[in-house]
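Dear colleague,

I am handing over the structure we spoke about, and you will find it just below. Please look through it at your leisure, and then read on for what was found in it.

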Amino acid sequence: MTGAGSGIGLSASKALARDGWTVYDFSRTDRAAPDVKHIGCDISDEAQVRAAVARVIEEQGRIDLLLNNAGFGISGAVEFTRAEEAEKLIRVNLLGADNVTRAVLGAMRAQRGGRILFTSSIAGILPIPFQAWYSVTKAAINAYALALRNEVAPFGVSVCAVMPGDIHTGFTAAREKSAVGDDVYGGRIEKAVSAMEKDERNGMSPDAAGTYLAKIAGKKRVKPLYAIGAQYKLFAVLAKLLPARLSNWIVGRLYG
């Protein structure tokens, strides 16, 4: 898995290890849980990823599960977000997940089985103002997972994405925030981000989210998309049923 050094990833890695999985963490930190094997790896570097996957296959002979969890967030107005900031986010949240996925698919296809699980976000189906680029990467993850699911199903490989909502983790403090342009946006940038971060600090525990991910990992069959928690399952249903104009208006009233 990726991103097991903190937050949901750390909790998920512990839950997977408790369930009997042999867990490897690909990340740039070395904060993995005691029962997790750490491999230093920048997932945005394809060569590093392929070397890490080759090591796992050499040591274990196969890969049965990939949990693509690594990612970070940025916030700010689209108008004032620099292209390099958006590109950095895409390289990790989307292209990093793609690097690891492509690296394991050959082994999974050859062994005629495996599961690829993505940590997405409810923002992927209900995009959040002043978190546009984060929402874009998570919407892209959902689309990627759905397309990949159909591509690899004949090889016995299952794919799904799990969409957490507000989780109380270090992700909030690590967000790269920019209030540039807040004066011309009437203070709405800082107001929106503050409201969102308040919700995160009061959100679900990372242990609950990590345990849920481990449960999905162990299912015999999986649905394409999951939301975590009753509240966000309701939001996911409403996102399907309500006209886009109405659901977007509601999100705008909350965070716009």
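How many aromatic pairs does the count come to? Please keep in mind that this is a predicted model. With ring centres required to lie within 6.5 Å, the count comes to 5 aromatic pairs.

One of them is formed by Phe80 and Tyr185, whose rings are 6.2 Å apart from centre to centre, with 80° between the planes, and this pair is edge-to-face. Phe80 lies in the loop between strand S4 (74-75) and helix H3 (83-111), while Tyr185 lies in the loop between strand S7 (176-177) and helix H6 (188-201), so the pair ties together parts that are 105 residues apart in sequence. As for exposure to the surroundings, Phe80 counts as partly exposed at 29% relative accessibility, and Tyr185 is partly exposed as well, with a relative accessible area of 24%.

Another pair is that of Phe118 and Tyr144, where the centres of the rings are 5.6 Å apart and the planes stand at 75°; planes over 60 degrees apart count as edge-to-face, so this pair is edge-to-face. Phe118 belongs to strand S5 (residues 114-119) and Tyr144 to helix H4 (residues 132-152), so that parts 26 residues apart in sequence are tied together by the pair. Here Phe118 is buried, with a relative accessible area of 1%, whereas Tyr144 is partly exposed, with a relative accessible area of 22%.

Ring pairs also link Phe80 and Tyr185 with Phe130 into a cluster.

Turning to the protein as a whole, its secondary structure comes to 9 helices and 8 strands. A compact globule with 256 residues would have a radius of gyration near 18 Å, and the protein, which has 18 Å, agrees with this. Taken along the principal axes, the box filled by its C-alpha atoms is roughly 55 × 35 × 30 Å. Of the 256 residues, 46% are buried, and among contacts between residues at least 6 apart in sequence, 69% join residues at least 24 apart.

The accessible surface comes to about 12600 Å², and 54% of it belongs to carbon and sulfur atoms. Finally, the protein has 32 positive and 25 negative charges, and the mean positions of these two groups are 9 Å apart.

With kind regards

How values were computed:
Residues numbered from 1 in each chain as written. Predicted model: local features only at pLDDT ≥ 70, side-chain atom pairs only at ≥ 80, totals over all residues. Heavy atoms only, no water. Phe/Tyr/Trp six-rings, centres within 6.5 Å; stacked < 30°, edge-to-face > 60°. Helix = DSSP H or I, 4+ residues; strand = E, 2+ residues; numbered from the N terminus. Buried < 20%, exposed > 50% of the residue type's maximum accessible area, 1.4 Å probe, protein only. Rg over C-alpha atoms; globule rule 2.2 N^0.38 Å. Contact = heavy atoms within 4.5 Å. Areas by Shrake-Rupley, 256 points an atom, 1.4 Å probe, with all protein chains shown as cover. Lys, Arg positive; Asp, Glu negative; His and termini not counted. Charge placed at Lys NZ, Arg CZ, Asp CG, Glu CD.
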